[in-house]
Structure formats: C-alpha cells, structure tokens
Amino acid sequence: MIVGVGIDVVDVARFVATIERVPGLRTRLFTPDERDLPPASLAARFAAKEALAKALGAPPGMRWQDATVRRVAGAQPVVEISGTVRARADELGVDRFHLSISHDAGIASAVVVAERDA
C-alpha cells in the first residue's frame with residue numbers, strides 16, 4: 001500500500017552556487033558519506049531528501065542528516081533512515097521506500113514512493 005509519493009527537481013548550477021556561497025550547507029544537508037560526492041550527485045541527493053520529506057508529508061522537525069542516499073552497484077539507489085525520519089516513517093507505518101534519482105542537462109531529479117504492507 002502506498003503511503004506517500006514525493007518528487008523534487010533541482011537546478012544543479014543554482015544548487016552548486018548556493019553550496020559555494022554558504023559552505024556550511026554541505027555539512028548541514030549531507031551525511032559524512034555523501035559530502036565529498038561530485039556536485040551533480042549532491043544535487044540529486046538533495047532532490048532525493050526533498051522527495052523523501054514530501055513522501056512522508058513534510059512534517060516540521062525532520063533533520064537532513066537523518067537520511068542517507070546510497071548507490072548500489074547494479075541496482076537502484078537506496079535511502080537509509082534514522083532519527084527524526086525513522087520516527088516519521090514508523091508513525092506512518094512505512095516499511096520501505098522506492099527511490100529513483102537522475103541528473104542530466106543541468107537538472108537533478110528524484111522520486112520517492114513510501115510503502116507499507118497492507
């Protein structure tokens with residue numbers, strides 16, 4: 001059963017300019033495993049975290065660092081959750097997430113489907 005769907009699109013150049021202008025954002029938005037990725041990959045992960053928040057109803061108080069997006073060789077990316085994001089997912093009964101991310105032609109995008117067993 002689908003609990004929520006989220007989508008987000010990020011202009012990579014604008015995102016990179018913001019990260020360069022406000023360097024502390026890299027630490028605030030991304031987990032240590034994500035921070036050193038190339039700019040387009042960071043923009044895609046930001047889109048994924050925004051889409052994740054939307055799939056969970058975008059409640060206030062969720063922390064960016066409570067979600068990590070990981071690439072899995074030969075498979076779709078996965079999102080690992082903890083803390084505030086885990087608490088919200090548990091509140092909604094979410095058992096799993098389906099995540100698709102992409103970046104091309106200066107745009108990064110992500111779609112998240114939050115699902116629970118019926």
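## Exercises on salt bridges and a pocket

Arg70 and Asp33 meet through their side chains in a salt bridge, with N and O 2.9 Å apart. This is a predicted model, in which local features need pLDDT of at least 70 and side-chain atom pairs count only at pLDDT 80 or more, while totals for chains, interfaces and linings use all residues. Residues are numbered from 1 along each chain as its sequence is written, and side-chain values use heavy atoms, with hydrogens and water left out.

**Exercise 1.** Work out which parts of the chain the pair Arg70 and Asp33 ties together, and which residues belong to the network joined by shared salt-bridge partners.

*Solution.* A salt bridge requires a side-chain nitrogen of Lys or Arg within 4 Å of a carboxyl oxygen of Asp or Glu. Arg70 lies in strand 2 (residues 67-72) and Asp33 in the loop between helix 2 and helix 3, so the pair ties together parts 37 residues apart in sequence. Next, Glu80 forms a salt bridge with Arg70, the closest N and O atoms being 2.7 Å apart; Glu80 belongs to strand 3 (residues 75-81), 10 residues from Arg70. Through shared partners, Asp33, Arg70 and Glu80 are thus joined into one network.

**Exercise 2.** Classify Asp33 by its relative accessible area, and do likewise for Lys54 and for Asp8.

*Solution.* The classes are buried (under 20% relative accessible area), exposed (over 50%) and partly exposed in between, computed with a 1.4 Å probe on protein chains only. Asp33, at 52%, is exposed. Lys54 is partly exposed at 38%, whereas Asp8, at 11%, is buried. Lys54 and Asp8 form a salt bridge, with the closest N and O atoms 2.9 Å apart; because Lys54 lies in helix 3 (residues 39-55) and Asp8 in strand 1, this pair ties together parts that are 46 residues apart in sequence.

**Exercise 3.** Describe the largest pocket by its volume and by the division of its lining residues into nonpolar, polar and charged.

*Solution.* A pocket is an open set of points, on a 1 Å grid over the protein atoms alone, where a 1.4 Å probe fits, with protein on both sides within 12 Å along at least five of seven lines, and lining residues have an atom within 4 Å of a point. The largest pocket has a volume of about 200 Å³. Its lining includes Val10, Asp11, Arg14 and Phe46, and helix 1 supplies the largest share, 4 residues. The lining divides into 6 nonpolar, 1 polar and 2 charged residues.

Note on methods: Grid points are joined across faces, edges and corners, and a volume is the space filled by probe spheres set on the points. Helices (H or I, at least four residues) and strands (E, at least two) are DSSP runs, numbered from the N terminus. Ala, Val, Leu, Ile, Met, Phe, Trp, Tyr, Cys and Pro count as nonpolar, Asp, Glu, Lys and Arg as charged, and the others, Gly among them, as polar.
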